[in-house]
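Please look over the model shown here. The briefing after it deals with a chain-chain interface and one strand.

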Protein chains: 2
Amino acid sequence: MDIDEFDATIRAVPDGGVTSAAGFVAEGVHAGFRAHPDRLDMAMVVAEQPVPAAGVFTTNRFCAAPVTVSREHLGGQGYGLARALVVNSGNANAATGEQGLAVARETCEIASQVLGCEVEQVLVASTGVIGQQLDIAPFERGIPQACDALSRAGGARAARAIMTTDTHPKEYAVAYESRDLTYAGCTFTVGGMVKGSGMIMPNMATMICCITTDAPVAPKTLHTLLADVVSDTFNKVTVDSDTSTNDTCVLFASGAAAMGAPLIAEDTDAYEELARALHIVCEALARGIAADGEGATKLVTVNVMGAASDEDADIAARAVANSPLVKTAIAGHDCNWGRVAGALGKSGAAFDQRNVSIDIMDIPVCRAGLAVPFDEDEALRRFEAPEIIISADLGAGDGSATIWTCDLTHDYVRINGDYRS
Amino acid sequence: MDIDEFDATIRAVPDGGVTSAAGFVAEGVHAGFRAHPDRLDMAMVVAEQPVPAAGVFTTNRFCAAPVTVSREHLGGQGYGLARALVVNSGNANAATGEQGLAVARETCEIASQVLGCEVEQVLVASTGVIGQQLDIAPFERGIPQACDALSRAGGARAARAIMTTDTHPKEYAVAYESRDLTYAGCTFTVGGMVKGSGMIMPNMATMICCITTDAPVAPKTLHTLLADVVSDTFNKVTVDSDTSTNDTCVLFASGAAAMGAPLIAEDTDAYEELARALHIVCEALARGIAADGEGATKLVTVNVMGAASDEDADIAARAVANSPLVKTAIAGHDCNWGRVAGALGKSGAAFDQRNVSIDIMDIPVCRAGLAVPFDEDEALRRFEAPEIIISADLGAGDGSATIWTCDLTHDYVRINGDYRS
């Protein structure tokens with residue numbers, strides 16, 4: 001299958017999100033984790049019946065209780081059948097020990113009773129302050145309330161309920177007609193919602209993502225698909241290099257768009273199509289996280305090519321994206337390629353500085369490791385754009401990588417430096 | 001030898017610096033790298049004759065021309081005989097290609113002619129903006145002018161001339177009577193100057209350090225000594241995780257305090273004494289760099305113990321010290337141990353969160369991975385101190401490490417985000 005040709009047929013779903021795919025409903029409510037009664041603070045995404053589901057989770061050793069419980073419910077392998085995801089904001093339920101695990105399990109218990117499913121078919125995620133015990137009472141109120149109101153329109157409220165210092169909800173969905181003859185006439189949809197880097201009291205950056213599709217996929221295949229796509233999308237985002245205790249990304253597949261059709265197997269056109277659609281959704285959501293990073297005024301895309309390997313390209317691009325000197329320069333609209341060079345050089349990626357080229361906003365600023373004179377006024381004009389693109393060619397091989405980040409502004413320091421009270 | 005007992009006999013030299021050790025003179029002048037005539041911008045440190053010298057340099061692949069030339073002059077191994085170090089501020093001579101190398105070599109040539117020594121006996125270092133060609137003319141004026149004025153009192157002016165956005169010069173020296181019978185009656189002095197993280201136009205953080213001693217040491221031994229001490233002192237400092245293109249640390253040993261005595265060999269008490277004295281000087285200068293980091297209001301010391309290995313301790317301590325979330329919290333006087341836990345957890349160091357203890361300013365805030373209630377008012381009071389100490393025990397072994405850093409403030413963003421003009 002020609003992916004470029006296929007791409008042209010994938011279309012964004014207007015106002016699409018986590019309930020765009022057939023077979024899913026959602027709702028966001030004020031359960032009481034936060035003080036203000038207008039602030040939505042609990043979301044549920046529910047499949048009409050137990051469906052294949054897969055999850056990938058934080059690697060942080062201080063992983064939160066809901067991460068431990070969701071992992072268990074997905075059989076430790078990261079895939080299984082699931083019916084629902086419950087997310088609260090305002091408290092991360094991290095560094096809360098046995099008590100925190102008990103609350104996460106009880107959350108699933110409540111949801112399973114209300115929905116009439118197995119407790120293992122409920123997944124849970126939390127975001128907010130670390131090290132404070134999470135109260136079960138808001139779930140006791142919020143879960144029945146959310147379940148009563150579940151609808152496709154509730155997806156937008158769910159996306160809002162999982163926000164912390166995010167400035168706006170982040171949702172995206174795409175749809176496509178399958179070109180695989182097995183699924184002739186089927187239109188598949190992939191959509192999701194994500195919350196990005198932020199904290200309410202300030203505490204930890206956390207990513208929580210829920211994606212749904214109505215394509216028919218077995219749990220294990222779904223996990224393979226998710227893990228592959230996450231490594232090329234969400235794992236390429238860095239706002240401040242701090243990996244959260246709570247990062248969670250789950251994918252549900254209802255199969256509702258091709259009832260009775262066989263499950264999509266690996267190495268088929270249908271799999272490739274779905275992987276591509278999932279990639280587009282995850283990339284849109286990942287870019288959304290970077291652009292809405294705390295205090296961010298710019299989305300920053302760092303492309304490294306010509307590296308000795310893809311790993312080297314990733315290391316080099318990440319060093320640029322995490323450099324406070326690069327990020328503050330972008331905040332200051334300073335086309336400061338010396339800092340990019342410095343970050344590439346310290347990254348550990350193998351290259352000879354005499355072979356390095358750097359472009360910023362398509363302006364050649366460095367060739368063969370040396371400065372190229374450029375029009376600073378033109379550079380300033382191009383820095384008005386909402387997305388700043390830095391591209392470096394290391395001249396050392398064929399490896400490439402893209403990392404998304406944001407600039408580092410006074411607001412980042414303000415949001416995270418103001419005393420919690 | 002009992003190091004603790006020995007430590008008690010080491011004394012700080014009042015107003016000590018790079019010329020405290022016998023056999024060294026220095027000067028700082030305005031050569032013309034910077035516009036303002038009152039701003040010292042070129043320093044020389046000169047031994048009365050060629051003496052053993054050792055250097056350690058940046059590992060950044062975009063290493064600057066003076067680093068390449070100084071490495072060559074120390075025979076590629078990092079040690080040899082040297083007479084002088086010439087440092088300019090205002091221009092890093094980095095990413096300047098063959099032309100930059102020619103300027104660095106010509107600088108050494110000029111100094112060797114004025115001093116009457118071999119060109120290879122001159123070392124050179126630069127700090128300032130990257131990617132601009134360095135003019136030789138200021139050296140042609142400044143080197144003769146500095147050489148005419150060389151004196152022991154000139155050390156203070158040299159320390160000032162190497163500054164960029166440092167807010168004050170950083171000098172330190174210690175003296176001690178040797179307890180090694182071979183050097184009975186000898187008083188050895190170790191002193192140095194350093195510039196820390198800062199940039200004039202803003203560009204790259206750069207560390208340039210020159211240390212002198214009047215102890216008699218062979219070049220190769222001197223290099224072993226320097227490399228060991230640097231790895232435990234300067235290499236444990238991180239202001240913003242950006243390793244410079246120009247980092248340079250050189251150590252000269254005149255032997256003037258023990259003329260005619262044998263060279264100090266490894267595995268002797270005299271070596272151990274000198275290593276300890278050098279460690280104390282480098283630690284004082286390293287802490288000075290961290291405390292004077294760009295925009296810093298606090299020195300931050302991160303101690304990790306109980307790690308599976310010293311390497312793990314270093315990784316974990318560095319993750320905490322580089323975490324923007326931890327650094328902004330300290331700027332906000334927020335005793336936010338959840339961010340410390342998050343940084344430890346993402347570091348990659350091996351541990352079980354249930355065994356982790358964290359203290360901030362001697363306040364137990366986390367035990368067995370769980371929150372310990374603490375008096376927030378008392379914590380706020382302790383955050384008034386100029387040095388914030390974070391200690392974590394991972395409960396995973398005997399490894400330990402200390403990393404120094406500073407807080408992340410609005411001033412860091414201002415200094416590095418303002419447009420270069």
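The points below cover the contact between chain B and chain A, then strand β3 of chain A.

This is a predicted model, in which local features need pLDDT of at least 70, side-chain atom pairs count only at pLDDT 80 or more, and totals for chains, interfaces and linings use all residues. Residues are numbered from 1 along each chain as its sequence is written, chains are lettered from A in the order in which they are written, and side-chain values use heavy atoms, without hydrogens and water.

**Interface of chain B and chain A**

- The contact (heavy atoms within 4.5 Å) involves 60 residues from chain A and 58 residues from chain B.
- About 4,900 Å² is buried between the two chains, 55% of it on carbon and sulfur atoms; buried area is the accessible area (1.4 Å probe) lost on putting two parts together, summed over both.
- The rule finds zero salt bridges across this interface, a salt bridge being a side-chain nitrogen of Lys or Arg within 4 Å of a carboxyl oxygen of Asp or Glu.

**Strand β3 of chain A**

- Strands are DSSP runs (E, at least two residues), numbered from the N terminus.
- In β3(A), residues 42-57, 13 of the 16 residues are buried, meaning under 20% relative accessible area (1.4 Å probe, protein chains only).
- β3(A) pairs (at least two DSSP bridges) with β2(A), residues 24-29, in the antiparallel sense over six bridges; Phe24(A) has Ala47(A) as its bridge partner.
- β4(A), residues 79-91, is also antiparallel to β3(A), over nine bridges, and Ala43(A) is partnered there by Val87(A).
- β9(A), residues 248-253, runs antiparallel to β3(A) with five bridges, and Cys249(A) stands opposite Val56(A).

Technical notes:
Buried means under 20% relative accessible area, exposed over 50%, partly exposed in between (1.4 Å probe, protein chains only). Helices (H or I, at least four residues) and strands (E, at least two) are DSSP runs, numbered from the N terminus.
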